Amino acid sequence: VEAVHLIADGKAPRIPQPKEGATYEGIQKKENAEISWDQPAAVLHNWIRGHDKVPGAWTTINGQVVTFYGSSLLDASVPAGQELTIKGASRPGLVTKNGLVIFGNDGKMVLVRNLQFEDGKMIPASKYFSTDETTALELTEEEKKIAEDIR
């Protein structure tokens, strides 16, 4: 009751909250989410997962900003895959059938499942080296007749 009366009378003490020990983190910005490669695999994984979905942890590959999504620690032998040079990384990543394998400075591995390019296009990391093959749609005679009727 006394506290309510102090507030009502405008006499309640005002003590600003100290910054030390505060846990609030401001809104993350894309420019602050770049991956620093000189870290153990667990830290890389936590960085990628911590920025998944917004703003997205990113790095530069072949001069293009690429954002990583969906990482997991990989505790196995080094899988077979095609090497991918990543700017700042101590060793190249590997594009495998399961995704992109990246390495921490401790030699352990992280598997990244999806990549997003600057233009917004997202692909499975395992398809990084795949070309955009488009096949022409071929209609049967019956389908051609139906398509003509619809037109």
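The exercises below work through a predicted model of one protein chain.

**Exercise 1. Confidence and annotation**

Task: Find which element of the protein chain has the highest mean pLDDT and which has the lowest, and state which residues UniProt lists for the domain.

Solution. Start with the whole chain: its average pLDDT is 89, and 93% of the residues score at least 70. Then go to the elements. Strand 5 has the highest mean pLDDT, 96, while helix 3 (residues 141-150) has the lowest, 85. Last, take the record: an unreviewed UniProt entry lists residues 29-130 as "domain: Formyl transferase C-terminal". In the model this span is 39% strand and 10% helix, and its end C-alpha atoms are 31 Å apart.

**Exercise 2. The surroundings of strand 5**

Task: Determine which strands pair with strand 5 and in which sense, and how many of its residues are buried.

Solution. Step one is the partner before it in sequence. Strand 4 (residues 93-96) runs antiparallel to strand 5 and is joined to it by 3 bridges. In one of the pairings, Val95 has Leu100 as its bridge partner. The two strands make a hairpin with 2 residues between them.

Step two is strand 6 (residues 109-117), which pairs with strand 5 in the antiparallel sense over 4 bridges. Here Phe103 is placed opposite Met109. This hairpin has 5 residues between its strands, and Gly107 in the turn shows a positive phi of about 85°.

Step three is burial, for which the cut-off is under 20% relative accessible area. Strand 5 covers residues 99-103, and 5 of its 5 residues are buried, so the strand is largely enclosed by the rest of the structure.

**Exercise 3. Following the pairing to strands 1 and 2**

Task: Trace which strands pair with strand 2.

Solution. Begin with strand 6: strand 2 pairs with it in the antiparallel sense over 8 bridges. Leu74 stands opposite Met109 of strand 6. Met109 also stands opposite Phe103. Next, strand 1 is joined to strand 2 by 5 bridges, again with the strands antiparallel. Thr60 faces Val65 of strand 2 in this pairing. The hairpin of strands 1 and 2 has 2 residues between the strands, and Asn62 takes a positive phi near 50°.

**Exercise 4. The nonpolar cores**

Task: Identify which residues have the most contacts inside the largest nonpolar core and which element gives the most residues to it.

Solution. The largest core has 21 residues, and Phe68, Leu100, Ile102, Val112 and Leu115 have the most contacts inside it. At least two residues come from each of helix 2 (41-50), strand 1 (57-61), strand 2 (64-74), strand 5 and strand 6. Strand 6 gives the most, 4 residues. Take Leu115 as an example: beyond four places in sequence, its contacts include Phe68, Leu100, Ile123 and Tyr128. A second, separate core has 5 residues, among them Leu94, Val101, Phe103 and Leu111.

**Exercise 5. Aromatic rings**

Task: Classify the pair of Trp37 and Phe68 and say why it ties together parts apart in sequence.

Solution. The structure holds 3 aromatic pairs. For Trp37 and Phe68, the ring centres are 6.3 Å apart and the planes meet at 65°, so the pair is edge-to-face. Planes over 60 degrees apart count as such. Now locate the residues: Trp37 is in the loop between helix 1 (2-8) and helix 2, and Phe68 is in strand 2, so the pair ties together parts 31 residues apart in sequence. Both Trp37 and Phe68 are buried. Elsewhere, Phe117, Tyr128 and Phe129 form one aromatic cluster.

Conventions. Residues numbered from 1 in each chain as written. Predicted model: local features only at pLDDT ≥ 70, side-chain atom pairs only at ≥ 80, totals over all residues. Heavy atoms only, no water. UniProt positions renumbered as here; feature names shortened; annotations may be inferred. Buried < 20%, exposed > 50% of the residue type's maximum accessible area, 1.4 Å probe, protein only. Pairing = 2+ DSSP bridges. pLDDT = per-residue confidence, 0-100. Core = buried A, V, L, I, M, F, W, Y, C linked by side-chain atoms within 4.5 Å. Contact = heavy atoms within 4.5 Å. Phe/Tyr/Trp six-rings, centres within 6.5 Å; stacked < 30°, edge-to-face > 60°.
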